[in-house]
Amino acid sequence: METIRLAVIPGDGIGHEVVPGALKILERLAELHGGLKFEFEHYDYGCDYYLEHGEMMPEDGLEKLKESDAVFLGAVGDVNKVPDHISLWGLLIKIRREFQQEINVRPAKVFDGVRSPLGSPKDFDLVVVRENSEGEYSSVGGRMFHEEHEIAIQSSVFSKRATSQAMEYAFNLAGSRSGMVTSATKSNGIYHAMPFWDDVFKEVSMEYPEVSTTSEHIDALSASFVTRPERYDVVVASNLFGDILSDIGAGIMGSIGIAPSANLNINGKYPSMFEPVHGSAPDIVGRGLANPVGQIWTAKMLLDHFGYEDLGGRLLKAIEDTLREGIMTPDIGGNSSTEEVTASILERL
Ligand SMILES: NC(=O)c1ccc[n+]([C@@H]2O[C@H](COP(=O)([O-])OP(=O)(O)OC[C@H]3O[C@@H](n4cnc5c(N)ncnc54)[C@H](O)[C@@H]3O)[C@@H](O)[C@H]2O)c1
Ligand SMILES: O=C(O)C[C@@H](O)C(=O)O
Ligand SMILES: [K+]
Ligand SMILES: [Mn+2]
């Protein structure tokens, strides 16, 4: 019997509405398997915790989380309680960095029966590989002076190590898919970092002669995600570009509520973290409107990560069958509640 210890952080807002159902689904799949068990350790870290304690998680928070095999997170952020940069850097981004989760994998694909803003999209199935530790998300910089003299400086950081690592991950992934990597660049406008990004991409691509490559500027690439998403397989991007592209990927699927993500620690020193792409959705909180599919698909990524691809495959099929039957939340054109969608997926398992 294998036991997977999960640190569970629902976080804020709809995190509390979508995480419990996904845990039930993981438990059901473990039961069906027979040789697998989940142990959940629950943590109440988030903006309410901050209001009470003045920090997003306690000083030994990371040490506690480190005892788990993976972190399963909902969403972080409630701007009415804590400024967004404080809440994200105090919890989500802190975990990503301290646990060296340097790769963020974010798939997007067509689901039968889901209303996409594209009308009738061709069959797209792509993965954004986002560099998850540096780039534009940097704490290097500061603000000084006041009023009309105020200035802000924010320096991007691109290391050869993390850049080539994200690219290598993308090439390896493409090798197991249709064999194509697109690099998201902006070397026409970002004078230092993006020509560097392009150089590293060329260098890494030499090691993978069997994988075909293209390089596209992020502005044109964003438009092309909307107009011709079927052209893409694996797209590798910097932290900020990957953040934005993965929301566009979610948008063309039909809703940001569907998209999953895996923050991977690939050196084996720390747990990886699984969370949907979406945030805490304060505008729909508490109304049963939250689409649970992003969180549940995230559970599939977790199962795959631990080598239970058979269970992951069963879960994806249950999601697909549920959506095909029209059992879905209003954001993708249905009239079912969070719980009804979750129950339908559970029943199919
Ligand atoms: N990884 C994370 O935890 C994460 C990601 C994005 C945003 N945030 C935080 O979340 C808060 C809100 O941010 P935002 O509004 O920019 O993004 P958001 O993803 O929370 O919401 C954007 C829009 O998508 C909708 N939406 C999101 N998830 C949905 C779901 N599961 N089902 C149905 N509709 C859904 C929301 O109702 C909203 O209209 C902020 O504090 C932000 O910093 C956190
Ligand atoms: O900017 C971030 O990484 C936070 C959030 O938008 C996300 O995509 O996880
Ligand atoms: K999230
Ligand atoms: Mn984002």
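**Two ligands and their shells**

The chain of this predicted model has a mean pLDDT of 97, and 100% of its residues reach 70 or more.

Biologist: Glad to have those numbers! Which element has the lowest mean pLDDT?

Modeller: Happy to help. At the high end is strand β12, residues 272–276, with a mean of 99. At the low end the mean is 97, and that element, residues 141–144, is strand β6.

Biologist: What does the UniProt annotation say about residues 5–345?

Modeller: Over that range the chain is 41% helix and 20% strand, with its end C-alpha atoms 23 Å apart. The UniProt record, an unreviewed entry, annotates residues 5–345 as "domain: Isopropylmalate dehydrogenase-like".

Biologist: Let's turn to ligand 2. Which helix gives the most to its shell?

Modeller: The residues around ligand 2 are L88, L92, R96, R106, R130, Y137 and D243. By class they are three nonpolar, no polar and four charged. The most, three residues, come from residues 84–98, which form helix α4.

Biologist: Why does ligand 2 lie between domain 1 and domain 2?

Modeller: Domain 1 takes in 1–103 + 258–349, while domain 2 is 116–253. Ligand 2 lies between them because its shell has residues from both domain 1 and domain 2.

Biologist: Nice. How far from an oxygen atom of ligand 2 is the polar side-chain atom of Y137?

Modeller: Two arginines also make polar contacts here: a side-chain N or O atom of R106 is 3.1 Å from an oxygen atom of ligand 2, and a polar side-chain atom of R130 is 2.8 Å from one. For the polar side-chain atom of Y137, the distance to a ligand oxygen is 2.5 Å.

Biologist: And how much of the accessible area of ligand 2 does the protein cover?

Modeller: On its own, ligand 2 has 260 Å² of accessible area. The share that the protein covers is 81%.

Biologist: Now ligand 1. How many residues of its shell are nonpolar?

Modeller: In total 22 residues surround ligand 1, and the closest are D84, G279, A281, D283 and N291. The largest share, three residues, comes from α4. Six of the shell residues are polar and five charged, and the nonpolar ones number 11.

Biologist: Which residue has a polar side-chain atom 2.7 Å from an oxygen atom of ligand 1?

Modeller: V76 uses a polar backbone atom, 2.9 Å from a ligand oxygen. H278 does use its side chain, but its polar atom lies 3.4 Å from a nitrogen atom of ligand 1. The side chain at 2.7 Å from an oxygen atom belongs to D283.

Biologist: Last one: what share of the accessible area of ligand 1 is covered?

Modeller: Ligand 1 has 810 Å² of accessible area on its own. Of this, the protein covers 73%.

Methods
Residues numbered from 1 in each chain as written. Chains lettered and ligands numbered in written order. Predicted model: local features only at pLDDT ≥ 70, side-chain atom pairs only at ≥ 80, totals over all residues. Heavy atoms only, no water. pLDDT = per-residue confidence, 0-100. Helix = DSSP H or I, 4+ residues; strand = E, 2+ residues; numbered from the N terminus. UniProt positions renumbered as here; feature names shortened; annotations may be inferred. Near = heavy atom within 4 Å. Polar contact = N/O pair within 3.5 Å; in protein donor to acceptor, adjacent residues only side chain to side chain. Areas by Shrake-Rupley, 256 points an atom, 1.4 Å probe, with all protein chains shown as cover. Nonpolar A, V, L, I, M, F, W, Y, C, P; charged D, E, K, R; others polar. Domains from an automatic or database assignment.
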